[in-house]
Structure formats: C-alpha cells, structure tokens
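Biologist: Could you take a close look at the salt bridges for me? I'd like one connected walk through them, with the cut-offs spelled out.

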Amino acid sequence: MKIRNEDIYKRVNIREIYRYLGYGAKTPDSSVDTVIKEVLLELIDVIQPKNVYKIYTCSTSECVVVLRGEKRTIAFESRNLAANLSQCGYVILIAATLGLQADKLLQKYEILNMTKATITQACGAASIEAYCNILQERICEEISTDDRRLYLRPRFSPGYGDLPLPYQKVIFEELECSRRIGLTLTDSLLMYPTKSVSALIGMTTNPQSCHIGKCKDCDKIDCEFREV
C-alpha cells in the first residue's frame, strides 16, 4: 500500500518526539524546537517508506495464537499476545520501513552533529509510528464492511511482553521482507534499515479506540483489555 511522505508528516506526533528526547510532558525551548522541526522536515523529504502485509483469520487459547492464511497456518506462543488478540477474528501481519535514507541521514549527523543525530533518532521513531498508524487504519478500513465494522487492537511486536524476539524470523519468512521491501534481520534479530517495525495487529468487531494511544487515551474504562 502506497502512503505519501506528506501524509506521514501530518500524522507525526511532535509530543512523542519530545518524549523520545527526554522532555517528558515538557516542551523544549524555541531554539531546540526549531531544530527538531527542521530535522523532521529533512527526514520526511528523504525517506522511502515501504510495507508488506498479509491478513489472517485468528483463533486464540490461553497462551497460543493461531493465524490461518490462504496457504499457511502460523502459531505464536505468548500469553500476552493471546490476551491482546482474544476477541479478534482477523489479524494483520505487517512489516514496514522508512528505508535506507533515514539511516544515512542519521549516519551523516553522527559524524557532523551529535545533537542533530539524537533528534534524527527521535524523529525517525515518531515517523515510523505515524506510518504504521496510517497503514493499519487504511487496511482495516478496506476490509471493513457496512455489516462488519472492524476496530484495531494495539500493535504487538516480537520482543514485547512474553513474545520472544526469535519470532521475527517467522514474520520475515512469511512476509518475504528481504525480497519484497529490502528489510533484513541482523544476527541479533534487529531490523535493518533500523527505522522499521514488524508486528501483529488484531482486528475486532468490539468497538474501541485504543490502537494508538492505548489505555491512557481510551475512555472505555470497562474494557477487558484495559491495562490501567
């Protein structure tokens, strides 16, 4: 699915960049804020975002998730993931990347300007989040119907909770990430290019609004998924 860089820019949460930089809920002074916005614009100008995904039907038990596709069935052992997907009839298996140019911009500033390098890291993290948010919403909208409106669960990636990081290999093999979008795994199971995400995203007919801000931004206080 093609998503324009300018659409990603519009969805970037500037307060997330502040948080990644250690400001918490505070706003940096105007001089720092100006540099942040300059670096973000520079990053958005050079990124070459790509994605690959497949949609599966989903069934869960207490600690196992089973995804059934057209050609293959995949199982994930994780109590946390099973809880996240327990009401989901469908799951998106997804990989997305901002591309090599984001890494090259970071490498440039690691040599020339470490302050901008740190800011580039933060802008990259916020930008890949924005990209994934747009992507998953559009996929969900495409497969929803008037009779079956679907809602998104928060993304769940290998290495989060009790889902082991080696499941990265399963996702990469299933989605053919290297061949299709040039996304590879290092020996330590880290992704390259670095500003990339792989995840499972549940889709449920149970109305909810927690797929981006998660529980802290959700007003459904009686939700069985609620963490706080």
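Modeller: Sure, let's start with R19, which at 42% relative accessibility is partly exposed (buried means under 20% relative accessible area, exposed over 50%, partly exposed in between, with a 1.4 Å probe and protein chains only). Before going on: this is a predicted model, where local features need pLDDT of at least 70, side-chain atom pairs count only at pLDDT 80 or more, and totals for chains, interfaces and linings use all residues. Residues are numbered from 1 along each chain as its sequence is written, and side-chain values use heavy atoms, leaving out hydrogens and water.

R19 pairs with E16 in a salt bridge at 2.6 Å, N to O (a side-chain nitrogen of Lys or Arg within 4 Å of a carboxyl oxygen of Asp or Glu). Both sit in helix 2 (residues 14-20), three residues apart, about one turn of the helix; helices are DSSP runs of H or I, at least four residues, numbered from the N terminus. E16 is partly exposed too, at 23%.

Helix 3 (residues 30-46) holds K37 and D33, four residues apart, again about one turn. Their side chains meet in a salt bridge at 2.9 Å, N to O. Here K37 is partly exposed at 40%, whereas D33 is buried at 12%.

Now for a pair across helices: R11 and E137 form a salt bridge at 3.0 Å, N to O. R11 lies in helix 1 (residues 5-11) and E137 in helix 6 (residues 114-143), so this contact ties together parts 126 residues apart in sequence. R11 is partly exposed at 35%, and so is E137 at 25%.

There's also a network of salt bridges linking R4, E6, D7 and R138. Over the whole structure, the search finds 14 salt bridges.

Methods:
Helix = DSSP H or I, 4+ residues; strand = E, 2+ residues; numbered from the N terminus.
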